[in-house]
Structures are given as C-alpha cells and as structure tokens.
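Work through these exercises with the structure open. Try each task before reading its solution.

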Amino acid sequence: MSRVFITGLPKRITEARLRQHFAAAGEITDCVIIWAKPVAADATAASSGNPSAGSGSPKPRMAFIGFREPGAAEGAVKTFDQTFLDTSRLAVRLASSFQAIDLSRCRSRASKLKAARLQEEEELAQQQKA
C-alpha cells in the first residue's frame, strides 16, 4: 500500500504544511484532509473558504497521504507514528484497501451490501488498470 492514514492532527493544519512535514518520507502524490462538520453555525467561517477560520469552524479529524513508492509509505509510518506536529501527537498507519474489509464482521444488511459493492468497484477498477 502506498497511502497512509493520519489522525491526531493540529487544529490549524493546512495541506501545504502536512505535505512539507511528510515530504521527508518520499515523493507525495496526493494529500487530503478530512474536516469535521462545524459545531456552531458560523456562516462567515464557512464562506471564507478557510476551514480553520472562526470559532465554530470544522476541525481536522484525519488525513490521507499518498506516496509514489510503497516503501515510502511504510517508512512514513515508522518515522512519523507517535511523533508530534506542533503540539499534537500524530497516529500514522498504512491505509487499508476495501478488499481488507471482512464481510463476516458486518452486522447490518446495509453494511454488508455497501461493503460488497465497494469491493466489487475496487475489483473492477483493478481489472480496468490491467
């Protein structure tokens, strides 16, 4: 796997700052920060385009970073897991694919159907690549 999953991000993290921090592990192909929904209805913060602006703004919950080489992702986990970025402790793990979903652990019918659909889509995407 050439992607890592990161939690424990600082409140005011930017994509550029995250790329800069993880660039030591290898060439980064993509970087996505997943933000939590704002708690308070702060229209000025939401309309400004800066997710960290305002008091009722969304907070970063997790991020995914893709590396060109699979070894770079493994190196990022070894180097950056349980380290600090600003004053926040990062948890860095290898991202798992949808094929790693264990359908026997899904409890509801909807979860089983969704997991099966995601696996089929990933298999089709891999077949189209080949």
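**Exercise 1. A histidine in a helix**

Leaving aside neighbours within four places in sequence, which residues is His21 in contact with?

Solution. Keep in mind that this is a predicted model.
- Step 1: place the residue. His21 sits in helix α1.
- Step 2: check its exposure. The relative accessible area of His21 is 18%. The cut-off for buried is under 20%, so His21 counts as buried.
- Step 3: list the partners. With neighbours within four places set aside, His21 contacts Phe80, Phe84, Leu85 and Leu90.

**Exercise 2. The sheet**

Work out the strand order of the open sheet, and find its edges.

Solution.
- Step 1: read the order. The 4 strands run β2-β3-β1-β6, and the pairing is antiparallel.
- Step 2: find the edges. β2 (28-35) and β6 each have a single partner strand, so one side of each has no neighbour in the sheet.
- Step 3: take the twist. Ignoring direction, neighbouring strands are turned by 20° against each other on average.
- Step 4: look at one pair. β1 and β3 run antiparallel and are joined by 5 bridges. Phe5 stands opposite Phe64 in β3.
- Step 5: add the helices. α1 packs on the sheet and touches β1, β2, β3 and β6. Its direction makes about 130° with that of β2. α3 lies across β1, β3 and β6, at about 155° to β6.

**Exercise 3. One face of α3**

Which residues of helix α3 are buried, and why do they line one face?

Solution.
- Step 1: list them. In α3 (residues 70-80), the buried residues are Ala72, Ala73, Ala76, Val77 and Phe80.
- Step 2: look down the axis. These buried residues fall within an arc of 145°, so they line one face of α3.
- Step 3: find the cover. What covers them includes β1 (3-7), α1 (15-22), β3 (60-67) and β6 (91-94).
- Step 4: follow the chain onward. Just after α3, Gln82 has a positive phi of about 65°.

**Exercise 4. The nonpolar core**

Identify the residues with the most contacts inside the largest nonpolar core, and the element that gives the most to it.

Solution.
- Step 1: get the size. The largest nonpolar core has 20 residues.
- Step 2: name the centres of contact. Val4, Ile6, Leu18, Phe22, Ile65 and Phe67 have the most contacts inside it.
- Step 3: assign elements. β1, α1, β2, β3 and α3 each give two or more residues. α3 gives the most, with 5 residues.
- Step 4: inspect one member. Beyond neighbours within four places in sequence, the contacts of Val4 include Phe64, Ile65, Phe67, Ala73, Ala76 and Val77.

**Exercise 5. An aspartate in a loop**

Is Asp86 buried or exposed?

Solution.
- Step 1: place it. Asp86 lies in the loop between β4 (84-85) and β5 (88-89).
- Step 2: apply the cut-off. Exposed means over 50%. Asp86 has a relative accessible area of 51%, so it is exposed.
- Step 3: look for distant partners. Outside its neighbours within four places in sequence, Asp86 contacts Pro10 and Arg17. Its C-alpha atom is separated by 9.3 Å from that of Ile13, 73 residues apart along the chain.

**Exercise 6. Where to read with care**

Which element of the chain has the lowest mean pLDDT?

Solution.
- Step 1: take the average. The chain averages a pLDDT of 80, and 76% of the residues score at least 70.
- Step 2: rank the elements. Helix α2 (residues 43-47) has the lowest mean, 48, and α1 the highest, 94.
- Step 3: mark the stretch. Over residues 42-48 the pLDDT is below 50.
- Step 4: draw the conclusion. Where pLDDT is low, predicted coordinates should not be read in detail.

Notes: Residues numbered from 1 in each chain as written. Predicted model: local features only at pLDDT ≥ 70, side-chain atom pairs only at ≥ 80, totals over all residues. Heavy atoms only, no water. Buried < 20%, exposed > 50% of the residue type's maximum accessible area, 1.4 Å probe, protein only. Arc of directions from axis to C-beta. Contact = heavy atoms within 4.5 Å. Pairing = 2+ DSSP bridges. Axes fitted to C-alpha atoms, helices over the stretch in contact; angles between N-to-C directions. pLDDT = per-residue confidence, 0-100. Core = buried A, V, L, I, M, F, W, Y, C linked by side-chain atoms within 4.5 Å.
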